[in-house]
Amino acid sequence: MGLFGKPPPPPDPKEQATLWRSQFRSEMRAIDHQIRKIQFEERKVQQTIRRAAAANDTYTVRTLAKELVRSRKTTERLHSSKAQINSCIMELNTNMATIRVTGALGQSASLLTAMNSLMAVPELQSSLKSMSREMQRAGMIESMVDDTMEDAFGVEGEEELVDSEVQRVIDELTVNQLSQMGSVASTPLPARAQAATAAVHAQPQEEEEMDALSKRLAGLAS
């Protein structure tokens with residue numbers, strides 16, 4: 001309530017739209033920063049995968065390749081989110097013309113669709129929640145759909161979903177290095193690879209490095 005019990009005046013539509021555009025641009029910069037961090041960790045993981053392949057360590061190759069697949073899917077989702085945010089900014093730019101004519105924000109179905117998609121992205125949920133409520137109060141969008149999207153690699157049958165992608169990453173990073181080992185994505189370790197694995201795992205420093213890389217990449221891609 002305002003002074004003497006009167007409700008406060010409604011926010012200026014033009015100022016609101018300008019603020020939302022600024023917030024969206026800030027989210028895009030944050031997404032770019034997150035993508036760069038993921039890609040930095042990916043380069044380290046790729047080097048470790050190549051070293052493990054040279055040592056015939058299929059366990060390490062598969063474990064880290066799986067994390068690499070997850071991180072690439074996260075990067076794809078973040079790029080898609082940037083495109084959705086850009087759509088929101090363009091819609092706000094269009095709405096600015098409506099404000100000049102009518103003095104009020106116009107309702108936008110396309111903005112509602114984009115916001116619903118963005119709210120399903122874990123990295124953006126908390127920061128966009130208050131903005132979506134403001135847009136609803138301003139009459140620009142209707143009620144949001146309260147749901148979240150399942151990560152394709154977090155559902156039942158994950159192994160079957162990622163095997164082909166893991167093999168593709170392995171082929172991409174270990175050309176000719178695993179030619180004597182057959183398919184790594186689903187076949188058991190051959191006897192000579194088991195011996196190599198035991199030798200590699202006997203080196204605490206290498207094992208700690210693999211675990212640390214895997215955890216960092218998993219944390220960024222979660």
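Q: In this predicted model, what is the handedness of the crossing where helix 1 passes helix 4?
A: Let's take the geometry of this pair step by step. The axes of helix 1 (residues 13–54) and helix 4 (residues 122–137) come within 12 Å and cross at roughly 165°. That angle is over 145°, so helix 1 counts as roughly antiparallel to helix 4. As for the handedness, the crossing of helix 1 with helix 4 is left-handed.

Q: How many nonpolar, polar and charged residues does the contact of helix 1 with helix 4 have?
A: On the helix 1 side, the residues that meet helix 4 are Gln16, Trp20, Gln23, Phe24, Glu27 and Ile31. Helix 4 answers with Leu124, Ser127, Leu128, Met131, Glu134 and Met135. Sorted by class, this contact has 7 nonpolar, 3 polar and 2 charged residues.

Q: Why does helix 3 count as roughly antiparallel to helix 4?
A: Here is another pair to look at, and the angle is again the place to start. Helix 3 and helix 4 have axes 9 Å apart, and they pack at an angle of about 150°. Because angles over 145° count as roughly antiparallel, the label for helix 3 against helix 4 follows from that angle of about 150°.

Q: Which residues in helix 4 meet helix 3?
A: Helix 3 passes helix 4 in a left-handed crossing. From helix 3, the residues taking part are Leu111, Met115, Leu118 and Met119. By class, the contact between these two helices has 7 nonpolar, 2 polar and 1 charged residues. Its helix 4 members are Leu124, Gln125, Leu128, Lys129, Ser132 and Met135.

Q: Which residues have the most contacts inside the largest nonpolar core?
A: This core has 28 residues. Helix 1, helix 2 (58–102), helix 3 (109–119) and helix 4 each supply at least two of them. Apart from it lies another core, of 13 residues, among them Ala52, Ala65, Leu68 and Leu173. Back in the largest core, those with the most contacts inside it are Phe24, Ile85, Leu118 and Met135.

Q: Which residues is Phe24 in contact with, leaving aside its neighbours within four places in sequence?
A: Phe24 is a good residue to click on, as it is one of those with the most contacts inside the largest nonpolar core. Phe24 is also one of the helix 1 residues that meet helix 4. Beyond its sequence neighbours within four places, its contacts are Ile85, Cys88, Ile89, Leu92, Met115, Leu118, Leu128, Met131 and Met135.

Q: Is Arg21 buried or exposed?
A: Arg21 lies in helix 1, and its C-alpha atom is separated by 5.7 Å from that of Ile89, 68 residues away along the chain. Not counting residues up to four places away in sequence, Arg21 touches Ile89, Leu92, Asn93 and Met96. Its relative accessibility is 18%, under the 20% cut-off, so Arg21 counts as buried.

Q: What is the relative accessibility of Ile38?
A: Ile38 has its place in helix 1. Its C-alpha lies 8.8 Å from that of Thr74, though the two are 36 residues apart in sequence. Ile38 counts as buried because its relative accessibility is 0%.

Q: In which loop does Asn56, a residue with positive phi, lie?
A: Asn56 has a phi near 60°, a positive value in a residue other than glycine. To place it, look at the loop between helix 1 and helix 2.

Q: How many helices and strands does the secondary structure of the chain come to?
A: Stepping back to the whole chain, 41% of its 222 residues count as buried. Among contacts with a separation of 6 or more, 77% come from residues 24 or more positions apart. From the N terminus on, the elements run α-α-α-α-α-α-α. The total is 7 helices and 0 strands.

Definitions and conventions: Residues numbered from 1 in each chain as written. Predicted model: local features only at pLDDT ≥ 70, side-chain atom pairs only at ≥ 80, totals over all residues. Heavy atoms only, no water. Axes fitted to C-alpha atoms, helices over the stretch in contact; angles between N-to-C directions. Helix = DSSP H or I, 4+ residues; strand = E, 2+ residues; numbered from the N terminus. Parallel < 35°, antiparallel > 145°, perpendicular 65-115°, else oblique. Left-handed = near helix turned anticlockwise from the far one by under 90°. Contact = heavy atoms within 4.5 Å. Nonpolar A, V, L, I, M, F, W, Y, C, P; charged D, E, K, R; others polar. Core = buried A, V, L, I, M, F, W, Y, C linked by side-chain atoms within 4.5 Å. Buried < 20%, exposed > 50% of the residue type's maximum accessible area, 1.4 Å probe, protein only.
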